[in-house]
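Reader: I am new to this structure and would like to learn how to read its features. Please show me the structure, and then guide me through it.

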Amino acid sequence: MIKSWLERFIDEILKDNKERYTVSGGMAVSGPIHIGKLRGEVIYPSIITRYLRNQGKEVRHIVIIYTQDPLKAKEPLVTKQFIEKWKGVRIINVEDPEGCHNNWVEHFYEKYEQSYEEFGITAEPIMTHEIYEKNERMKEAIKIFLTKRKEAREILNKYKGEKLAENWFPLKPLCKNCYNILTTKVISWEGEDVEYECNKCGYVGKSKINEGKLEWRAEWVALWYTFEVDVELYGKDHAAAGGSRDSCNELYEKLFNKMPPKGFAYEWISLVKDGKREPMGSSEGVSFDIDEWLRVGKPQALKYWYIVMKAKTHLDFDPSRTIPLIHEEYDKAERIYFNLEEPFAKDLKHDIIFSYIAANDFNPPKKIGLQIPYSLMAILVQILPKENKLEEMIRKLRRMKIINDGIDYEEERKLASYIEKVTYWVNKYAPANIKIKVQYEVPENIIKELMDNEVKMLKDVYNVIKNWEGEINKLETEIYNTIKANNIKPNQGFAILYKIILGKENGPRFVSLVQALEKDTILNILSKVFK
Ligand SMILES: [Zn+2]
Ligand SMILES: [Zn+2]
């Protein structure tokens, strides 16, 4: 058995054989928290944390919220006027652009924290403005940077294209006059005080060393020191050889005499929308938000996707396609875990099972739950009556033999939530072919236009469906062959079938439509053609 990539990484951590570990991640709150950010900064670290805890280790898992950062938002996330007004101000002091929360951080971060529990996230959030203000170890780290600033400068200059000046200070004080934290410059430093000048408003004044913000790489290292971080992953932008992670590692080793945290780089996720493909990014507002995921699907399915696809894979996320796909892959993993199915490639079995268990926070269900493919559900929710949806759905699933035994309260609750989520997806993201309206009466003009061989084909398909015993793939092959046997091209044949049932030339996978509408309904519609 070859261990999963994530297990192998955790084995490396365990080699240090410590009793206590700190796992860290970071969140820049430059805009909405999208699912891509969740991947490397909290989901993988939460899984690592749980795994280590299961090995008997004591683990502190933190997520650093960069509230001491200046505003970096761009249009169209906020207006030009907003940017002009707030640029350079710490986001903890920036107003909520929509006016519904106390400030920027609450608007773009705190509301997402409510989603954390559903994702099984183990992190304790820590805000940088509070660390600067209160943490003595952070103050110590700032002093180390100020004392060893020449050495820090030499190290950073080895990596940076643009060299830092001779009189460089790794600290930007917060301007007491205009609240800017970007535009200040240290003039002198003594003990815990610095004198600074603000380029924006011209103010010259004094501040405490912990009332500012370290240069971002210095800050990253200072946070490792403050929390004695053992594990931290990083986005691919920091990963290149000679990139920022390497420079931070060297700063930590040389200035602090410490071993840098273990970690790996994780890839971005692109949002595919209206034919365009853009990497998700908060400050530009290219985002599929984490709470939006909870409106369309199961958190376990997204976690499974992230684990099984590995950190180094760039992922494309097209809400109209990827959401059903991820859920169906997750269902398949569940069947493999419960030994009801074998994977396509045998050597993937362990990887799939590990990813499934990890996606369930190492506490997978005792028995397999109700499985209804997402794309089938997308049809079902559209043909159910508006009233008593859940009861009607259960009745339908019994007739479809998807529910064979009783259904307990827990399953019923899950089913209700699934109906709600898939309905939301259909209304907001489903592609046109998935949206359907069944015509129980076939319009006369459609019947009149049919050629003789097409009517014959429909009769044959009618008989195939009539004799069908419930195996989906078999039905698909038989319908396909029946269409061809009547000298009609398969896509043309399916177009005719869709036209009769849905009044348009495309639709969801045809056999799923048959399954959802059920045999009698389909036969009844088809029979209208040759009555
Ligand atoms: Zn708000
Ligand atoms: Zn100022």
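Author: The following dialogue takes up a metal site, a helix, salt bridges and domains in turn. This is a predicted model, in which local features need pLDDT of at least 70 and side-chain atom pairs count only at pLDDT 80 or more, while totals for chains, interfaces and linings use all residues. Residues are numbered from 1 along each chain as its sequence is written, chains are lettered from A and ligands numbered from 1 in the order in which they are written, and side-chain values use heavy atoms, with hydrogens and water left out.

Reader: Which residues are the protein donors of the zinc ion (ligand 2)?

Author: Donors are N, O and S atoms within 2.8 Å of the metal (3.2 Å for Na, K and Ca); water is not among the atoms, so sites may look incomplete. Here the SG atoms of Cys175, Cys178, Cys198 and Cys201 serve as protein donors, at 2.2 to 2.3 Å from the zinc ion (ligand 2). Their spacing in sequence is C-x2-C-x19-C-x2-C. Cys175 and Cys178 are both buried (buried means under 20% relative accessible area, exposed over 50%, partly exposed in between, with a 1.4 Å probe and protein chains only).

Reader: What are the angles among the four donor atoms of the zinc ion (ligand 2)?

Author: Ideal angles at a metal are 109.5 degrees for four tetrahedral donors. Four donors count as tetrahedral if all angles lie between 85 and 135 degrees. At the zinc ion (ligand 2) the angles are 103 to 116 degrees, and the site is tetrahedral.

Reader: Where does the kink in helix α2 lie?

Author: Helices (H or I, at least four residues) and strands (E, at least two) are DSSP runs, numbered from the N terminus. The bend at a residue is the angle between axes fitted to the seven residues ending there and the seven starting there. In α2 (residues 35-54), a kink of about 30 degrees lies at Val42, shortly before the proline Pro45. Helix α2 is largely enclosed by the rest of the structure, because 17 of its 20 residues are buried. Just after α2, Gly56 has a positive phi of about 85 degrees.

Reader: How many salt bridges are counted, and which parts does the pair of Glu58 and Arg20 link?

Author: A salt bridge is a side-chain nitrogen of Lys or Arg within 4 Å of a carboxyl oxygen of Asp or Glu. The count by this rule is 37. One of them joins the side chains of Glu58 and Arg20, at 3.1 Å from N to O. This pair links distant parts of the chain, with Glu58 in strand β2 (residues 58-65) and Arg20 in strand β1 (residues 20-27), 38 residues apart. Glu58 is partly exposed at 49% relative accessible area, and Arg20 is partly exposed at 42%.

Reader: Which parts does the pair of Asp361 and Arg50 tie together?

Author: The side chains of Asp361 and Arg50 meet in a salt bridge of 3.5 Å, N to O. Asp361 lies in the loop between α13 (349-359) and α14 (374-383) and Arg50 in helix α2, so the pair ties together parts that are 311 residues apart in sequence. Asp361 is partly exposed at 22% relative accessibility, as is Arg50 with a relative accessible area of 23%.

Reader: How far apart do the C-alpha centres of domain 1 and domain 2 lie?

Author: Domain bounds come from an automatic or database domain assignment. The protein is divided into domain 1 (374-434) and domain 2 (444-527), and their C-alpha centres lie 24 Å apart. Ten residues from domain 1 and ten residues from domain 2 take part in the contact, where contact means heavy atoms within 4.5 Å.

Definitions and conventions. Tetrahedral: all angles 85-135°; square planar, octahedral: opposite > 155°, others 65-115°.
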